[in-house]
Amino acid sequence: MTTTPDPQTRHHEVIVVGAGFAGIGAAIKLRQAGLDFLVLEKSAEIGGVWRDNSYPGCACDVPSAFYSYSFAPNPRWSRFFARQGEIRDYTHAVADRFGVMPSVRVNHELLAARWDSDQQVWRLQTSAGDYSARFVIMACGPMHKPVTPRIKGIASFPGASFHSARWDHGCDLAGKRVAVIGSGASAIQFVPAIQPDVAHLTLFQRTPPWVLPKMDAPVSERWQRRFERFPVLQHALRQMLYLAFEKLNNSLTRPRSRGKLQARALRNIHRTVKDERLRAVLTPDYAIGCKRILQSNDWYRALVKENVDVVGGVAEVRGKTIIASDGSSCEADIIIYATGFEVANPPVAEIITGVSGETLATRWQGSPQAYLGTMVEDCPNLFMMFGPNLYTFSSAFVMIEAQLKYIMSALRTLTSRRIRTVAVDPQSARAFNDDVQAALQTSVWNAGGCQSYFIDKNGRNSTNWPWTTGAMRRRLKRFRLKDYVVDSSR
């Protein structure tokens with residue numbers, strides 16, 4: 001069967017959705033392979049999460065030498081853990097260096113993606129017109145839709161309010177009474193940054209996080225020059241960091257190792273928090289690793305200051321008065337939400353319609369599933385970056401590069417064998433997901449005694465990869481045609 005796309009629709013062999021690190025990485029590999037492609041980005045600028053999150057103190061919690069493309073090392077990181085602006089600039093520098101910016105279309109938000117069975121192409125409706133593509137790579141990322149909780153009476157609050165991922169830089173916090181709702185990864189960075197300036201800060205916390213010390217430090221000019229002159233040094237550092245994170249992942253599967261890690265986190269609390277009541281409030285009652293492990297050297301130092309109170313989660317808002325679940329209350333001029341993102345239920349699933357005519361969200365019913373976290377049933381020729389059950393405590397670039405290797409292997413295989421469409425074999429997908437869920441049952445994420453964004457609304461872990469990243473890289477090293485159903489007609 002010959003594909004004849006609508007002449008009114010702009011057609012490309014591959015369309016990538018999203019221009020964060022996953023999307024830019026995909027663009028680089030597609031360009032190197034000589035394929036016809038386009039990248040659609042909803043915002044006016046590339047950068048993904050590092051464009052959106054510009055709150056005070058924003059920085060990476062993975063060392064810079066490891067939080068970067070292995071094929072594009074940056075010898076000039078100014079700190080061991082890079083800050084937001086520097087990471088955003090790295091995104092732009094890499095995109096320019098590899099010449100992919102001419103293939104990026106900004107201000108092109110994907111509104112709907114529908115599989116056209118007759119023409120065997122994806123129809124993409126965007127805010128700037130329609131496109132079609134033989135293959136689509138969804139590189140939207142898991143952390144781009146902020147979650148704002150429903151709070152009784154919130155409409156009565158007269159002051160300013162915003163999510164940390166949509167920081168209002170025009171809002172002056174100096175001398176104001178600030179209520180921070182949530183104590184996750186963004187809160188532990190911006191709370192210490194704003195605490196010295198505000199009149200009073202009240203932290204509304206449902207459950208405390210486990211926080212380890214952050215081994216951060218400036219990278220001297222001398223070391224930057226060494227990394228630049230001798231790339232093997234930075235490569236060796238990257239390998240050491242990879243092994244350290246593999247060890248961390250392995251430790252989370254062993255109660256004894258987990259206990260040692262938890263003891264270290266407890267010492268981190270006791271080192272700074274001397275008040276027994278506050279110490280009890282800040283000590284988690286679940287196993288370390290059950291939720292995302294955080295790192296900070298100044299989180300607890302900020303919380304013990306006289307102008308800071310830590311109370312329970314928010315129960316209700318009455319005008320400027322915010323009432324906590326423990327009965328305490330405070331007056332606030334500004335509310336800042338540090339309540340994370342929609343991770344376990346990817347928003348993009350609501351706008352992807354497959355062969356059946358149903359959206360992915362309808363098929364998944366709140367519990368996303370994919371084969372190797374990359375291809376989903378009912379969606380031929382569609383690849384998902386950061387798909388279900390791929391998350392690990394490691395660098396996102398490990399996952400990105402493993403998936404890109406798999407996707408490029410798939411595109412080479414399909415092109416060389418003149419295969420028009422490829423779809424996940426239901427049996428392969430079922431067997432893989434059964435194995436994943438079985439391995440997760442005894443993991444710290446499922447059995448650690450906490451509720452987290454790893455667990456979806458049905459109580460299923462749709463987020464975590466239960467094995468090592470080494471195992472992930474091996475599984476994604478090569479596309480295996482036998483795991484799929486193909487159509488070679490043209």
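**Loops, a disulfide, sheets and a pocket**

D378 counts as buried, with a relative accessibility of 15%; the cut-offs here are under 20% relative accessible area for buried, over 50% for exposed, and partly exposed in between, with a 1.4 Å probe and protein chains only. The model is a predicted one, so local features need pLDDT of at least 70 and side-chain atom pairs count only at pLDDT 80 or more, while totals for chains, interfaces and linings use all residues. Residues are numbered from 1 along each chain as its sequence is written, and side-chain values use heavy atoms, with hydrogens and water left out.

D378 has something else going on: its phi is near 80°, a positive value in a residue other than glycine. Most residues other than glycine have a negative phi. The residue belongs to the loop between helix 10 and strand 18, where helices (H or I, at least four residues) and strands (E, at least two) are DSSP runs numbered from the N terminus. L372 also lies in the loop between helix 10 (360-364) and strand 18 (382-384). Its phi is positive too, near 55°, in a residue other than glycine. With a relative accessibility of 3%, L372 counts as buried.

Now for the cysteines. With a disulfide taken as a pair of cysteine sulfur atoms within 2.5 Å, the count comes to one. The partners are C290 and C450, whose sulfur atoms sit 2.0 Å apart. The link of C290 and C450 is left-handed, at -100° about the S-S bond. It ties together distant parts of the chain, 160 residues apart: C290 is in the loop between helix 8 (276-282) and strand 11 (294-295), and C450 is in the loop between helix 13 (444-447) and helix 14 (469-475). Both C290 and C450 are buried.

C171, on the other hand, is in no disulfide, and the nearest cysteine sulfur, that of C330, is 15 Å away. Seen from C330, the closest cysteine sulfur is the one in C171, and 15 Å is too far for a bond. C171 is buried at 15% relative accessibility, and C330 is buried with a relative accessible area of 12%.

The loop between helix 13 and helix 14 also holds W465. This tryptophan is buried, at a relative accessible area of 2%. The C-alpha atom of W465 is 4.9 Å from that of N389, although the two positions lie 76 residues apart along the chain numbering.

On to the sheets. Strands of a sheet pair through backbone hydrogen bonds, either parallel or antiparallel. Here, two strands pair if DSSP finds at least two bridges between them. One open sheet has five strands in the order 7-16-8-9-12, with parallel pairing. Its edges are strand 7 (160-163) and strand 12 (308-311); each has a single partner strand, so one side of each is left without a neighbour in the sheet. Neighbouring strands are turned by 15° against each other on average, direction ignored; axes are lines fitted to C-alpha atoms (for helices, over the stretch in contact), and angles run from 0 to 180 degrees between N-to-C directions. Within this sheet, strand 8 (residues 177-181) and strand 16 (residues 334-337) run parallel and are joined by four bridges. I181 stands opposite Y337 of strand 16.

Another open sheet has three strands in the order 13-14-15, and its pairing is antiparallel. Strand 13 (314-318) and strand 15 (329-331) take the edges with a single partner strand each, so one side of each lacks a neighbour in the sheet. From one strand to the next, the twist averages 20°. Strand 14 (residues 321-324) pairs with strand 15 in the antiparallel sense over three bridges, and T321 has E331 in strand 15 as its bridge partner.

Last comes the second largest pocket, with about 510 Å³ of space. On a 1 Å grid over the protein atoms alone, a pocket is an open set of points where a 1.4 Å probe fits, with protein on both sides within 12 Å along at least five of seven lines, and lining residues have an atom within 4 Å of a point. Grid points are joined across faces, edges and corners, and the volume is the space filled by probe spheres set on the points. The lining has 21 residues, and those closest to the centre are S70, E401, A402, K405 and R473. Helix 6 (231-251), helix 11 (396-416) and helix 14 are the elements that give two or more residues to this lining. Helix 11 supplies the largest share, eight residues. By class, the lining comprises ten nonpolar, three polar and eight charged residues, with Ala, Val, Leu, Ile, Met, Phe, Trp, Tyr, Cys and Pro counted as nonpolar, Asp, Glu, Lys and Arg as charged, and the others, Gly among them, as polar.
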